[in-house]
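Me: I have a protein model open and want to make sense of it. Can you walk me through some strands and surface spots?

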Amino acid sequence: NIKYYSGHYSLDNDKDKGECDVVLETDKNIIFLEIKKRSLPDTFELADDVEVFSSLGEGMLNAQKQILRHRIYLQKNETMRLYEKEDKLSPYTVLNWKCRRIVSISICFPEYGFLTNKTTSSKFMESLLFATYHSRDPKKESKLSKLNKLREQIELLVGELKEEDRKDARTVFFDTLFRSLQQFLFVLGNSSNVEELVDNLTRDIYISDGSMDFYASLRSNLH
């Protein structure tokens, strides 16, 4: 019984298409969720950081880039028509911005759990605006090319946000979160309406109990 939206929309040039996996809305918030099914490679267990960052570029950062495009479109147009298919003749629903807070959430596999801590994810996202990633091993440098290309694309998109949203890196990514599929399903099972779902999903944007444990923090909120 939780209302949500999904669908396709046309970007400003009417040639490129955008697609929203899941959109939730309350009186105060619009939540964009992008679901990425990119697994971490087996080399993750060998502490191969190049492979980890390469996988981030393939999946999680691509999700955040997509949500930035949704966010920019909604800010510029103030409304978004989400069509069931990539066809303007198909049925659609209308999402109105109304100057609400826009929250970006990447849904990922559990092995990305280290990113679901708000402090960790924020610092990583903020670093994209002033750092590039490289390997000391020249043979592995090419594996980071997609990550760095995505970083450039994200930096360009940030420049299109409304001025107050891009005054510093912390502001840009303040409402950015990563959630594992298990975390999302747990929250969904403990929420009876969309307001509770959004509150439980986004609570650590505003409140930190220092536990660094998503479930422990959520349990205190549920009680």
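Reply: Here are some notes on strands first, then on the surface.
Reply: This is a predicted model, where local features need pLDDT of at least 70, side-chain atom pairs count only at pLDDT 80 or more, and totals for chains, interfaces and linings use all residues. Residues are numbered from 1 along each chain as its sequence is written, and side-chain values use heavy atoms, with hydrogens and water left out.

Me: Ok. Is strand 3 mostly covered or open?
Reply: Mostly covered. Strand 3 spans residues 29–35, and 6 of its 7 residues are buried. Buried means under 20% relative accessible area, exposed means over 50%, and partly exposed is in between (1.4 Å probe, protein chains only). Strands here are DSSP runs of E with at least two residues, helices are runs of H or I with at least four, and both are numbered from the N terminus.

Me: Which way do strand 2 and strand 3 pair?
Reply: Antiparallel, over 4 bridges. Two strands pair if DSSP finds at least two bridges between them. Strand 2 covers residues 17–25, and a hairpin of 3 residues links it to strand 3. Val-23 has Phe-32 of strand 3 as its bridge partner.

Me: And how does strand 3 run with strand 6?
Reply: Parallel, with 7 bridges. Strand 6 is residues 101–108. There, Ser-106 is the bridge partner of Glu-34.

Me: What does strand 6 do with strand 7?
Reply: They pair in the parallel sense over 5 bridges. Ser-104 stands opposite Thr-176 of strand 7.

Me: Why is strand 7 called largely enclosed?
Reply: Because 5 of the 5 residues in strand 7 (residues 176–180) are buried. Thr-176, Phe-178 and Ser-180 point one way, Leu-177 and Arg-179 the other.

Me: Switching to the surface. Which residues make the negative patch?
Reply: Asp-27, Glu-195, Glu-196 and Asp-199. Patch residues have over 30% relative accessible area and no salt bridge; like charges are joined within 9 Å, nonpolar side chains (Val, Leu, Ile, Met, Phe, Trp, Tyr) within 5 Å. A salt bridge is a side-chain nitrogen of Lys or Arg within 4 Å of a carboxyl oxygen of Asp or Glu. Asp-199 sits in helix 7, residues 194–206. Asp-199 is partly exposed, at 39% relative accessibility.

Me: Which residues form the nonpolar patch?
Reply: Leu-181, Leu-185 and Leu-188, with about 230 Å² of accessible area together. That area comes from the Shrake-Rupley method with a 1.4 Å probe. Leu-188 belongs to helix 6, residues 181–189.

Methods
Lys, Arg positive; Asp, Glu negative; His and termini not counted. Charge placed at Lys NZ, Arg CZ, Asp CG, Glu CD.
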